[in-house]
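Hi everyone, thanks for coming along. Let me put the structure up on the screen, and then we'll walk through it together.

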Amino acid sequence: MVFKLSGLIVLAAVSKTLAHGGVLSYNIGGQIYQGWQPYNTPTGQTGIERPWSTYNPILSPTDPTLACNDDGTSGALQLTATVKAGTPIIAYWNQVWPHPYGPMLTYLAQCPGSTCTGVNAATLKWFKIDQSGLINGTVFAGYWGSGKMIDQNSSWTTTIPATVPSGNYLIRFETIALHSLPAQFYPECAQLTITGGGTLAPTAAQLVTFPGGYSATDPGLTIDIYSNAAQTETTYPIPGPPLYGSASTSNPTTTITSTHSTTSTSPTSTSKSSSTTSTAPTGVPGSVAEFGQCGGIGYTGATACVAPYTCKVSSAYYSQCL
Ligand SMILES: *[C@@H]1O[C@H](CO)[C@@H](O)[C@H](O)[C@H]1NC(C)=O
Ligand SMILES: *[C@@H]1O[C@H](CO)[C@@H](O)[C@H](O)[C@H]1NC(C)=O
Ligand SMILES: [Cu+2]
């Protein structure tokens, strides 16, 4: 706790930019995939994550980049990870994620054709495979999915449901921060080829577009966590469609408690069949731009900053060029 607090103080003191962020890397079946680095030059960057350009949040549910962040189109050297249905995927946000109030949500969208590369994420239909809202306590002082994400090393694990049909997908990890209004959306996408899948297609009621899946009037997005009502309110309606695999197709805003999807029970041996298309470090010495990551436990990318910046430790898990 002391460790986390000191990390927050450092982050807050250094720059406002550092109070935000996104998914910086993934672990798929034990294989680490470096994410897009928005503060490094796009040139030469390659990976499974769709490119995004700023740590700032999206502030409107109708923002055209809500699907995969700004701009969320495929990179010039876009890769796709192959993953067996039933495999857990861990998404890592920047350390230490600063926003403990709000839900965690994970979506999949199947791409037409033989690849997601080049496919506009705003044209796809998304279904929700994981969500966690208010876990316990009150809206004002309770424990949220995003608080749990912070407690889990600023990471979130979602298992690809074993029932999902095989094919090419975008996976969209999202945290929504409710500490101020309007609500802040932090979505990032990565490209997957899912193999060994099942036959349970999402129902029409479970499919949404982004933008489209949320509305500016959703109770879960307009909620004032500092209001008098919030001090006794113990339910929170998680935004978006009903969960994939759930029997109910009722209005999602009637969802009362948070859930963490456990649709899958894959044996760990399936992770061995997860293959990689590449995860080479994306930089060379002296290449990391201001605010880019340059070190930390588990980080495998470039470590030297472009002049005049130097690599400074923010936490054990995150060093940054400042
Ligand atoms: C809420 O859940 C967390 C994690 O399980 C636990 O540590 C905490 O004590 C719980 N709080 C309440 C008020 O039940
Ligand atoms: C914590 O997260 C970092 C990425 O931010 C990762 O490299 C590291 O392996 C994680 N640590 C543990 C214990 O999972
Ligand atoms: Cu922020």
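Let's begin with a question: are His-20 and His-99 buried or exposed? Both of them are buried. Before I go further, please keep in mind that what you see is a predicted model.

Those two histidines take us straight to the metal. The copper ion, ligand 3, has as its protein donors Ala-19 through O, His-20 through ND1, His-99 through NE2 and Tyr-186 through OH. These donors lie 1.9 to 2.6 Å from the copper ion. What is the geometry of the site? It is irregular, with angles of 75 to 159° among the 4 donor atoms. Along the sequence, the donor residues follow the spacing A-H-x78-H-x86-Y. His-20 sits in the loop between helix H1 (2-14) and strand S1 (23-28), while His-99 sits in the loop between strand S6 (88-93) and strand S7 (104-110), so this pair ties together parts that are 79 residues apart in sequence.

Now let's step back to the whole chain. It contains 3 helices and 17 strands, and of its 322 residues, 52% are buried. If you take contacts between residues at least 6 apart in sequence, 74% of them join residues at least 24 apart.

With that many strands on the screen, let's pick out a sheet. Here 6 strands make an open sheet with mixed pairing, and the order is S5-S13-S12-S7-S8-S14. Which strands stand at the edges? They are S5 (81-84) and S14 (207-208); each has a single partner strand, so one side of each is left without a neighbour in the sheet.

Have a look at strand S13, residues 184-195. On one side, S13 pairs with S5 in the parallel sense over 4 bridges. In that pairing, Thr-82 stands opposite Thr-193, and Lys-84 stands opposite Thr-195. S13 also pairs with strand S12, residues 167-177, this time in the antiparallel sense over 11 bridges. There, Tyr-169 stands opposite Leu-192. S12 and S13 form a hairpin, with 6 residues between them. How many residues of S13 are buried? The count is 10 of 12, so we can call this strand mostly covered, as buried means under 20% relative accessible area.

Next, the nonpolar cores. The largest has 32 residues, and those with the most contacts inside it include Tyr-26, Trp-93, Phe-173, Leu-192 and Ile-194. Several elements give two or more residues to this core, among them S1, S6, helix H2 (145-151), S12 and S13. Let's zoom in on Ile-194: leaving aside residues up to four places away in sequence, Ile-194 touches Val-83, Ala-85, Leu-108, Ile-160, Val-164, Ser-166, Gly-167 and Tyr-169. Apart from the largest core lies another, of 31 residues, including Cys-116, Ile-176, Leu-221 and Ile-238.

One last stop before we finish. How many salt bridges does the structure hold? The number is 1. The partners are Glu-174 and Arg-172, and their closest N and O atoms are 2.9 Å apart. Where does this pair sit, in buried or exposed surroundings? Glu-174 is buried, with a relative accessible area of 0%, and Arg-172 is buried too, at 0% relative accessibility.

That's my tour. Thanks for listening, and I'm happy to take questions!

Note on methods:
Residues are numbered from 1 along each chain as its sequence is written. Chains are lettered from A and ligands numbered from 1 in the order in which they are written. This is a predicted model: local features need pLDDT of at least 70, side-chain atom pairs count only at pLDDT 80 or more; totals for chains, interfaces and linings use all residues. Side-chain values use heavy atoms; hydrogens and water are left out. A salt bridge is a side-chain nitrogen of Lys or Arg within 4 Å of a carboxyl oxygen of Asp or Glu. Buried means under 20% relative accessible area, exposed over 50%, partly exposed in between (1.4 Å probe, protein chains only). Two strands pair if DSSP finds at least two bridges between them. Donors are N, O and S atoms within 2.8 Å of the metal (3.2 Å for Na, K and Ca); water is not among the atoms, so sites may look incomplete. Four donors count as tetrahedral if all angles lie between 85 and 135 degrees; four count as square planar and six as octahedral if opposite donors are over 155 degrees apart and all others between 65 and 115; anything else is irregular. A nonpolar core is a set of buried Ala, Val, Leu, Ile, Met, Phe, Trp, Tyr and Cys residues joined through side-chain atoms within 4.5 Å. Contact means heavy atoms within 4.5 Å.
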